[in-house]
Amino acid sequence: MAWFRKKSKFTTIGNTNKKKDLPEGIWRLCDSCEEYITNDEIKRNYHICPRCNYYYVLPVEERIKHTLDEGSFEEFDANLASKNPLDFDGYDQKIRSAQQKTGRYEGIVTGRGEIEGYPVIFGVLDFAFMGGSMGSVVGEKVTRAAERALNDELPLFIVSTGGGGARMHEGMLSLMQMAKTSAAIALLKKHGIPFLSLIAHPTMGGVAASFAALGDVILAEPRALIGFAGPRVIEQTIGQQLPPGFQRSEFLLEKGMIDIIVERPNIRNVIKPLLEHMWYNRYALRAQQRQGNKTAVYAVKGA
Ligand SMILES: [Zn+2]
């Protein structure tokens, strides 16, 4: 993690002139405002800097904890792991070290959980696993989650933090996940099952250009960088300077690419009425009747 590599900066504290070694892992300099903050403070504050409101990547476990009802999450397909289909040099090693670092087999966690008592099929990309990039397994798990949502007639909610885009080590197999996940989402739309997409910083390339951009409602965290090619590449290609705030959530909201910017601590308060409006107050009762005793055991609130 970035702050461990910045050890050399941890020599003075606040306004004191006295140089002081700080215990590693307790204090850090904010990446944005460069004020001293404790890791505990950040963690308690949803991984947002309490000084400047900078949004750090929220670890997967905490995303699940802050989004879903406590203890409601049941994971799917936790054991799916990538192979190295192209024998790409060093890819096996990269996967192994990402697995060791994150304690999971691949760069996404999917499952079923509840938000304020409403069941959803939930997925969250893991930025710590090769930058949240989409290889075959990530694409497959997104597709399976969409298929599960379709089969169980439950809304799908995916949180993307995919700064790595499509995973180049798998070549075309990785790129085809863009089409595959998009087709799975299209099936949901055809059957009227809601798909909510929350995009967090940073989400680029193949993730941004496929399922993440296909939500019936597209939510984004403040100041998240969201786009296909990065701003530097675009600037070099078109030979022009880009406008301020280009590819940030606020810019994309203004241009109509996203629908809502939501502060991280507020996510459940925003998702709940969306679930009610799009599904639970309108169609869920009929879905529940269709499902019979198969899976549906949820209460239909307000119906
Ligand atoms: Zn800060």
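Here are some notes on the fold, the central strand S7, helix H5 and a few backbone oddities.

1. Ground rules. This is a predicted model, where local features need pLDDT of at least 70, side-chain atom pairs count only at pLDDT 80 or more, and totals for chains, interfaces and linings use all residues. Residues are numbered from 1 along each chain as its sequence is written.

2. Overall make-up. The chain has 11 helices and 11 strands; these are DSSP runs, helices being H or I with at least four residues and strands E with at least two, numbered from the N terminus. Of the 303 residues, 38% are buried, meaning that 20 or more other C-beta atoms lie within 10 Å of the residue's own (12 or fewer is exposed, in between is partly exposed, and C-beta atoms are placed from the backbone). Among contacts with a separation of 6 or more, 63% are between residues 24 or more positions apart; a contact is two C-beta atoms, placed from the backbone, within 7 Å.

3. The sheet. It is open, with 7 strands in the order S3-S4-S5-S6-S7-S9-S11 and mixed pairing; two strands pair if DSSP finds at least two bridges between them. S3 (74-76) and S11 (260-261) are the edge strands, each with a single partner, so one side of each has no neighbour in the sheet.

4. Strand S7. What happens to S7 (residues 195-199), buried or exposed? 5 of its 5 residues are buried. Phe-195, Ser-197 and Ile-199 point one way, while Leu-196 and Leu-198 point the other way. That fits the usual rule: in a regular strand the side chains alternate between the two faces of the sheet.

5. Neighbours of S7. S6 (residues 156-160) runs parallel to S7, joined by 5 bridges, and Ser-160 has Ile-199 as its bridge partner. The connection from S6 to S7 goes through helix H6 (residues 171-190) as a right-handed β-α-β crossover (with the strands pointing away from the viewer, the path from the first strand over the helix to the second runs clockwise). S7 also pairs in the parallel sense with S9 (residues 217-220), over 4 bridges. Two of the partnerships there are Leu-196 with Val-217 and Leu-198 with Leu-219.

6. Helices on the sheet. H3 (residues 60-67) lies across S4 (108-115), S5 (118-125) and S6, at about 160° to S5. H5 (residues 136-152) packs on the sheet too, touching S3, S4, S5 and S6, and its direction makes about 25° with that of S4. Axes are lines fitted to C-alpha atoms, for helices over the stretch in contact, with angles from 0 to 180 degrees between N-to-C directions.

7. A check on H5. At 1.5 Å a residue, its 17 residues should span 24 Å, and the end C-alpha atoms are indeed 24 Å apart; the expected span is 1.5 Å times one less than the number of residues. Its buried residues include Val-138, Val-142, Ala-145 and Ala-149, and what covers the buried residues includes S3, S4, S5, S6 and H6.

8. Backbone spots to look at. Most residues other than glycine have a negative phi, and most peptide bonds are trans. Glu-153, in the loop between H5 and S6, has a positive phi of about 55° and counts as buried because it has 21 C-beta neighbours inside 10 Å. Gln-247, in the loop between H8 (231-238) and H9 (249-255), has a positive phi near 70°. The peptide bond from His-201 to Pro-202 is cis, with omega near -15°, and Pro-202 sits in the loop between S7 and S8 (203-204).
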